[in-house]
There are 2 protein chains.
Amino acid sequence: MENLILLSKEEVSRRIGRLRSAAVAAGHAGTMLLADNAMLYYLTGRVFSGWAYIPVDDARLPIWFVRRPVEMEGGNVVGIRKPEEIPSRLEELGYPIPKELGLEMDVQPYSTITRLQAVFPDAKSFNLSPVVAAARSVKTSMEISMMERSGVIHAAVYSKIPSLFSPGMTDFELDVAIENLSRLEGCLGLFRISGKSMEFFMGNVLTGENADAPSPYDFALGGKGMDPSLPVGAAGEEIKPGTTVSVDVNGDYTGYMTDMTRVFSYGKIPAEAVAAHECSIAIHRQFRRMAVPGVKASDLYDMAASMAREAGFERYFMGHRQKAGFCGHGVGIEINEIPVIAPRSRDILQENNAIAMEPKFVIPHVGAVGIENTYIITPSGARCITNAPEEILPLA
Amino acid sequence: MENLILLSKEEVSRRIGRLRSAAVAAGHAGTMLLADNAMLYYLTGRVFSGWAYIPVDDARLPIWFVRRPVEMEGGNVVGIRKPEEIPSRLEELGYPIPKELGLEMDVQPYSTITRLQAVFPDAKSFNLSPVVAAARSVKTSMEISMMERSGVIHAAVYSKIPSLFSPGMTDFELDVAIENLSRLEGCLGLFRISGKSMEFFMGNVLTGENADAPSPYDFALGGKGMDPSLPVGAAGEEIKPGTTVSVDVNGDYTGYMTDMTRVFSYGKIPAEAVAAHECSIAIHRQFRRMAVPGVKASDLYDMAASMAREAGFERYFMGHRQKAGFCGHGVGIEINEIPVIAPRSRDILQENNAIAMEPKFVIPHVGAVGIENTYIITPSGARCITNAPEEILPLA
């Protein structure tokens, strides 16, 4: 038998407290039933198959309904096989049947939600997904230290990238070499994305023309990929002299991801590419100062876009043939968290947000430039946790 | 500009024809609106962001509503930004507003489905997911040839596994070496799973005690994994003499996956493990003969379970501390397709089903044994497309 909960009692209470506060802030006082892997991991420190039941009454403990794995134990751990068993188990434990119930409507399939609604026919259900996003956007100290650990390993892997390159290599071969190094350094590989529309394997290595190839996914940059079944990233083309190589590879070393991009050059690259890269570094410098609690995410986007415009790179900013609608995003257990740094974002920065800022430029025929760092928001500015040289480094 | 549709007109018609027939067989004559990446890839040969609109009237062509990537063209390719634009575009094209509308209710989030229902307030919606699963379970010749190509490369990679091993290696290091070789041979890496509950990176390499560690996911076998955020597979433990190493690594070389497991031994392994492995091979032999169109999937499970029982390995069959509820499954664009070879499966085999059959045994303290092959169902039996030696091969 093994204890289900891998977090301390205090950490579990803290996270549940954040969820409850976020629910109240959104106008709900309801009970919550969660089943998303990312949320079960958030609440317990472990992915399991089952449901976390958080009662509205904070004098009552949560109940952990576990389907798999078998042999789990702990306070309020209840083994069940299907959600239809939940109401009778609640009664056995002396918990009231909820009148209002929060469900993860943005991530759970329609059939799953309607099934849960049928299990609680008298409860009014509400969409818990925005509540979850709000709660998770402010990291605890423990979460921040896990992200910092990912950031240190992530940066160490990136420092070895030039040693992996040899002339004649394709973008795909360099990508696979970086993936391999990352895995050997303990990268878990899984790239968690909320929702089902975005897909990714592990790395996005973009060079030359391919950096400008539009992709279906809502990532900052594209690339046509190796196959139309996964049209993003490296295209299997030789890395040619006079091009840049932008590397944006999975930083999931702890269950918490850092997001980081660095740019390398092969041979002499055009001055325009170097200047655009310097503009990205300058935007980061400004971001570090400006990104404090209370600032509007949209103001940070406007800052980045206007610095890009003033430097004369508006047409390359966040893509050329196809543009991304954002230049930064929350990150943590998943890659697409809030706040989102976008023109119409309504997010307001809070202390201990974790934000991946990625002002990038696509220079036609040359490649992508601009760096990405992961930051923790503090009252004195954004603190970088992916510390590595920021200039364009030569590959060979 | 690039043509959106990468399949021939005939292939697109064939696949849409299967969808329509499956809808009719399920009692629906409705129009269908699809957005799942796996389905857009199925219908066009490419993943894009958008919606495929298949009118009920088969005299009318499908409409491809594309959000991203930009610069796509082709007959009935219509660029839109959000689904609310669909009804007015239908009117412009002279298409009637549907009275009944199939939506992917088992895979699309609740919020997405209710949004689409609001776009078509007068249409009665129905769950398209079982229809989609039924249509995709019977592969076209083109799909089979893509799976065959994956199978050939998959088998070639497996033939090199013993050369990747060196004494003292951990299960994780061997896993990473196999992943790296797979990637260099063109594995796309992405392991497509329908739904959100199952997660996986790329490989499941199980040895010794860890083969018996229960996992939350509904895979045939478990393993505790490297981190509680992804509790499946290799655990970072040294491969010890006297154990088996079961290798079940991603076979996605073409957008279509093959699923394949082989077992290796390190040092002398117990006779019981060898005998259970031989039982798995015997079950496969029987499956090849018995798995013809018209056979019940549940009868195939019963055959496997009773052969396991008669050989005295019931307690190890499909797991020991935790058991899987199936011993085979459909495979194609995704890993969890139909038919499912399970005791209460209602699936009936059809010609050109693709089935991964995986009768496995977990021998406590030793590891997992038993092979997995991917088969195409033909009138004369199941044809294996993952051809490689089936016996336990020594690692060193």
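**Helix packing, chain contacts and backbone geometry in the predicted model**

In chain B, helix α1 (residues 9-25) packs against helix α5 (residues 129-137) at an angle of about 130°, and the two axes are 8 Å apart. The model is a predicted one. Angles over 145 degrees would count as roughly antiparallel and those from 65 to 115 as roughly perpendicular; α1(B) and α5(B) are therefore oblique to each other. The crossing of α1(B) with α5(B) is right-handed. On the α1(B) side the contact is formed by Arg18(B), Leu19(B), Ala22(B) and Ala23(B), and on the α5(B) side by Val131(B), Ala134(B) and Ala135(B). By class, six of these residues are nonpolar, none is polar and one is charged.

The corresponding helices of chain A were also examined. Helix α1 (residues 9-25) of chain A and helix α5 (residues 129-137) of chain A cross at roughly 130°, with axes that come within 8 Å. α1(A) and α5(A) are therefore oblique to each other, and their crossing is right-handed. Arg18(A), Leu19(A), Ala22(A) and Ala23(A) of α1(A) meet Val131(A), Ala134(A) and Ala135(A) of α5(A). This contact of α1(A) with α5(A) comprises six nonpolar residues, no polar residue and one charged residue.

The surroundings of α5(A) extend beyond this helix pair. Eight of the nine residues of α5(A) are buried, so the helix is largely enclosed by the rest of the structure. The buried residues of α5(A) are Ser129(A), Val131(A), Val132(A), Ala133(A), Ala134(A), Ala135(A), Arg136(A) and Ser137(A). Their packing partners in chain A are the helices α1 and α2 and the strands β7 (100-103), β8 (124-127), β14 (328-330) and β15 (337-341).

Chain A as a whole contains ten helices and 21 strands. Its C-alpha atoms occupy a box of roughly 70 × 40 × 35 Å along the principal axes. The radius of gyration of chain A is 22 Å, which agrees with the value near 21 Å for a compact globule of 396 residues. Of the 396 residues of chain A, 55% count as buried. Among contacts in chain A with a separation of 6 or more, 68% are between residues 24 or more positions apart.

Between the chains, 47 residues of chain B are in contact with 47 residues of chain A. Three helices of chain B, α2 (37-44), α4 (110-119) and α8 (171-184), each supply at least two residues of the side that touches chain A. The most is given by α8(B), with five residues. The side of chain B that touches chain A has 23 nonpolar, 14 polar and ten charged residues.

One residue of chain A that takes part in a contact between the chains is Gly45(A), which contacts Pro228(B). Gly45(A) is placed in the loop between α2 (37-44) and β3 (49-54) of chain A. With 19 other C-beta atoms within 10 Å, Gly45(A) is partly exposed, because a residue counts as buried from 20 such atoms. Apart from neighbours within four places in sequence, the contacts of Gly45(A) are with Ile5(A), Leu6(A) and Leu7(A) as well as Pro228(B). Gly17(A) is 28 residues from Gly45(A) along the chain, and the C-alpha atoms of the two are separated by 16 Å.

Several backbone features were noted. Most residues other than glycine have a negative phi, and most peptide bonds are trans. The peptide bond from Ile338(A) to Pro339(A), however, is cis, with omega near 5°, and Pro339(A) lies in strand β15 of chain A. In chain B, a cis peptide bond joins Ile338(B) and Pro339(B), with omega about 5°. Pro339(B) lies in strand β15 (residues 337-341) of chain B.

Positive phi values occur at two non-glycine residues in chain B loops, Glu71(B) and Met318(B). Glu71(B) has phi near 70° and is placed in the loop between β4 (63-68) and β5 (72-73) of chain B. Glu71(B) is partly exposed, with 14 other C-beta atoms within 10 Å. Met318(B) has phi near 55° and is found in the loop between α10 (297-310) and β14 (328-330) of chain B. Met318(B) is buried, with 23 other C-beta atoms within 10 Å.

Terms used: Residues are numbered from 1 along each chain as its sequence is written. Chains are lettered from A and ligands numbered from 1 in the order in which they are written. This is a predicted model: local features need pLDDT of at least 70, side-chain atom pairs count only at pLDDT 80 or more; totals for chains, interfaces and linings use all residues. Two residues are in contact if their C-beta atoms, placed from the backbone, lie within 7 Å. Helices (H or I, at least four residues) and strands (E, at least two) are DSSP runs, numbered from the N terminus. Ala, Val, Leu, Ile, Met, Phe, Trp, Tyr, Cys and Pro count as nonpolar, Asp, Glu, Lys and Arg as charged, and the others, Gly among them, as polar. Axes are lines fitted to C-alpha atoms, for helices over the stretch in contact, and angles run from 0 to 180 degrees between N-to-C directions. Angles under 35 degrees count as roughly parallel, over 145 as roughly antiparallel, 65 to 115 as roughly perpendicular and the rest as oblique. A crossing is left-handed if the near helix is turned anticlockwise from the far one by less than a right angle, and right-handed if clockwise. The radius of gyration is taken over C-alpha atoms; the globule rule is 2.2 Å times the number of residues to the power 0.38. A residue is buried if 20 or more other C-beta atoms lie within 10 Å of its own, exposed if 12 or fewer, and partly exposed in between; C-beta atoms are placed from the backbone.
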